[in-house]
Amino acid sequence: MARYGMVMDVTSCLGCRACMAACSQWNQTPFWAEDFKGKWRTRVTELEEGKFPETHKVFFPTICMHCENPPCHSVCPTGATYINKDGIVLIDYDLCLGCGYCIEACPYDARYEYEKEDLEKDEFYFGEDARHHQVHVDKCTFCVDRLAEGIEPSCAATCVGHARIFGDLDDPNSEVAKLVNSGKAKPLSPYLGVHPKVYYIK
């Protein structure tokens with residue numbers, strides 16, 4: 001049994017956003033949403049660091065942090081949010097009411113509503129291959145369906161800069177475990193106490 005996690009090497013992110021496109025294509029996320037805001041399982045945000053005139057751009061990738069102690073899980077009134085045997089935080093769409101408690105509870109803003117309009121667009125673009133059939137809350141799954149086939153998540157597979165390193169945190173020989181165990185990769189906002197399984201090199 002694995003305990004999957006990801007390291008985001010911000011120093012290697014080129015800002016090409018191929019990860020966003022690959023994720024959206026694979027998971028049929030609402031790329032059609034107005035202004036491309038808010039409805040992505042993964043995002044790359046452009047930031048500016050430093051003080052003028054010594055400033056530079058930074059591209060900051062984010063996804064669901066798949067926390068060990070996820071607030072989204074504890075607030076879910078139906079048990080739709082659950083943690084699978086590999087430590088991946090998932091949503092049972094058949095149980096999800098779309099109440100949005102989990103969206104409010106997530107400290108990393110990793111969830112969004114897959115609304116009725118999105119279902120119609122999903123069917124329009126993907127026809128019989130449409131994957132979403134009811135209104136629900138959506139988020140990153142680490143592409144759990146790809147993992148079942150031995151394929152890494154679409155965002156990591158597409159990343160040309162090797163900024164996304166995916167693997168088993170409990171396998172000491174995995175690259176992701178080595179980066180985390182060395183202390184080079186660290187979680188975001190550790191003071192929250194949610195123990196995310198996504199780490200950052202900055």
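User: Hi! Is Phe142 buried or exposed?
Analyst: In this predicted model, Phe142 counts as buried, with a relative accessibility of 2%.

User: Which ring does Phe142 pair with?
Analyst: Phe142 forms an aromatic pair with Phe166. The two rings sit edge-to-face, at 5.0 Å centre to centre with 70 degrees between the planes. Phe142 lies in the loop between strand S7 (136–138) and helix H5 (144–147), while Phe166 is in strand S8 (residues 164–168), so the pair ties together parts that are 24 residues apart in sequence.

User: And Phe166, is that one buried or exposed?
Analyst: Phe166 counts as buried, at 15% relative accessibility. The strand around Phe166 is mostly covered too: five of the five residues of S8 are buried.

User: How many aromatic pairs are there?
Analyst: The count comes to seven aromatic pairs. One of them is Trp32 with Tyr125, a stacked pair at 5.5 Å centre to centre and 15 degrees between the planes.

User: Where do Trp32 and Tyr125 lie?
Analyst: Trp32 is in the loop between helix H1 (18–27) and strand S2 (43–51), and Tyr125 is in helix H4 (residues 116–126), so this pair ties together parts 93 residues apart in sequence. Trp32 is buried, with a relative accessible area of 16%, whereas Tyr125 is partly exposed at 40%.

User: Which residues form a cluster with those two?
Analyst: Phe31 and Phe124 join Trp32 and Tyr125 in one aromatic cluster.

User: What about charges, which ones lie over a ring face?
Analyst: Look at Trp26. Arg131 lies over its face, at 5.1 Å from the ring centre. Arg146 also lies over the face of Trp26, at 4.7 Å from the ring centre.

User: New topic: how many residues are in the largest nonpolar core?
Analyst: That core has 33 residues. Met6, Phe142, Val198 and Tyr200 have the most contacts inside it, so Phe142 from your opening question, buried at 2% relative accessibility, turns up again here.

User: Which elements supply at least two residues of the core?
Analyst: Strand S1 (4–9), H1, strand S3 (54–62), helix H6 (154–158) and strand S10 (198–201) each do that.

User: What does Val198 touch?
Analyst: Leaving out residues up to four places away in sequence, Val198 touches Met6, Met8, Ile63, Cys64, Met65, Phe142 and Pro187.

User: Cys64 is on that list. How many disulfides are there?
Analyst: A search of the whole structure finds zero disulfides. For Cys64, the nearest cysteine sulfur is that of Cys140, 5.8 Å away. Cys64 is buried, with a relative accessible area of 7%.

User: And which cysteine sulfur is nearest to Cys143?
Analyst: That of Cys23, at 6.0 Å, and Cys143 is in no disulfide. Cys143 counts as buried as well, at 5% relative accessibility.

User: Okay, sheets. What's the strand order in the open sheet of four strands?
Analyst: The order is S8-S1-S10-S9, and the pairing is mixed. S8 and strand S9 (186–187) stand at the edges with a single partner strand each, so one side of each is left without a neighbour in the sheet.

User: How do those edge strands pair up?
Analyst: S8 runs antiparallel to S1, and five bridges join the two. Gly5 stands opposite Gly167 in S8. At the other edge, S9 pairs with S10 in the antiparallel sense over two bridges. Pro187 stands opposite Tyr199 in S10.

User: Last stop, helix H1. Which of its residues are buried?
Analyst: Cys19, Met20, Ala22, Cys23, Ser24 and Asn27 are buried in H1. What covers these buried residues includes S2, H6 and S8.

User: What about Ala21?
Analyst: Ala21 is found in H1, and it counts as partly exposed at 47% relative accessibility. Between Ala21 and Thr45 there are 14 Å in space, C-alpha to C-alpha, and they are 24 residues apart in sequence.

User: And what happens just after H1?
Analyst: There, Gln28 takes a positive phi of about 55 degrees.

Methods: Residues numbered from 1 in each chain as written. Predicted model: local features only at pLDDT ≥ 70, side-chain atom pairs only at ≥ 80, totals over all residues. Heavy atoms only, no water. Phe/Tyr/Trp six-rings, centres within 6.5 Å; stacked < 30°, edge-to-face > 60°. Buried < 20%, exposed > 50% of the residue type's maximum accessible area, 1.4 Å probe, protein only. Lys NZ or Arg CZ within 6 Å of the ring centre and 35° of its normal. Core = buried A, V, L, I, M, F, W, Y, C linked by side-chain atoms within 4.5 Å. Contact = heavy atoms within 4.5 Å. Pairing = 2+ DSSP bridges. Disulfide = S-S within 2.5 Å.
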